[in-house]
Amino acid sequence: MASSSAVRIEVSCSKGTYIRTLGEDIGAALGCGGHLTYLRRTATGPFTQVQCITLEQLETMTDLERMAALKPPEVLLPDHTPVTLGSDDAGKFLSGMRRRVNGSDSETVAVYGDAPHALLGSARIKASELIPVRLLSPMEISQMLAQAQHGVSTSMPNNSH
């Protein structure tokens, strides 16, 4: 009769870590084989399960409460250099065009439009050139502006360039 053993581990890791493979590797190192029977993510980036909303809670919320519970995308960009563009440059940026800016080289830039103040996407700066990396669609920008009108903060530093 075979006996079964289970081990419970908690892992803090960076993105790109294959936890299922880690379970197999631990089993191989122990010489007994191994696999996962349960996997639960308790945190990702700055977010923990304490900040989560259950499906049951979500179902009981009004539309306004749901909108207020949403976090603006800027919370995912705390280490990005903020750059704010005027309307002409913002439109060109959203079309994928590179723009000239005053700023140091940076691989992580959050780009905002100034009127109204809204996240447009991410970019990098190389030799004073703002190079689009990921752009938000007009619909996504409209949704963020609607959230701001419902009391969800989307403010970030207004560093005009």
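Visitor: Buried means under 20% relative accessible area, exposed over 50%, and partly exposed in between (1.4 Å probe, protein chains only). What percentage of the chain is buried?
Guide: This is a predicted model, where local features need pLDDT of at least 70, side-chain atom pairs count only at pLDDT 80 or more, and totals for chains, interfaces and linings use all residues. Residues are numbered from 1 along each chain, and side-chain values use heavy atoms, without hydrogens or water. The chain has 161 residues, and the buried share is 22%.

Visitor: What pattern does the chain follow along the sequence?
Guide: Helices (H or I, at least four residues) and strands (E, at least two) are DSSP runs, numbered from the N terminus. The chain has 5 helices and 7 strands. Read in order, the pattern is α-β-β-α-α-β-α-β-β-β-β-α.

Visitor: Which element gives the most to the largest nonpolar core?
Guide: A nonpolar core joins buried Ala, Val, Leu, Ile, Met, Phe, Trp, Tyr and Cys through side-chain atoms within 4.5 Å. The largest has 19 residues, with Val 83, Leu 85, Phe 93, Val 109, Val 111, Leu 119 and Leu 130 having the most contacts inside it. Strand E3 (81-85), helix H4 (87-94), strand E5 (106-114), strand E6 (117-126) and helix H5 (138-149) each give two or more residues. The top contributor, with 5 residues, is E6.

Visitor: What percentage of contacts with a separation of 6 or more joins residues 24 or more positions apart?
Guide: Contact means heavy atoms within 4.5 Å. Phe 93, leaving aside neighbours within four places, touches residues including Leu 85, Val 111 and Leu 130. Across the chain, the share of those contacts at 24 or more positions is 55%.

Visitor: Is Leu 30 buried or exposed?
Guide: Leu 30 sits in helix H1 (residues 19-30). At a relative accessible area of 62%, Leu 30 is exposed.
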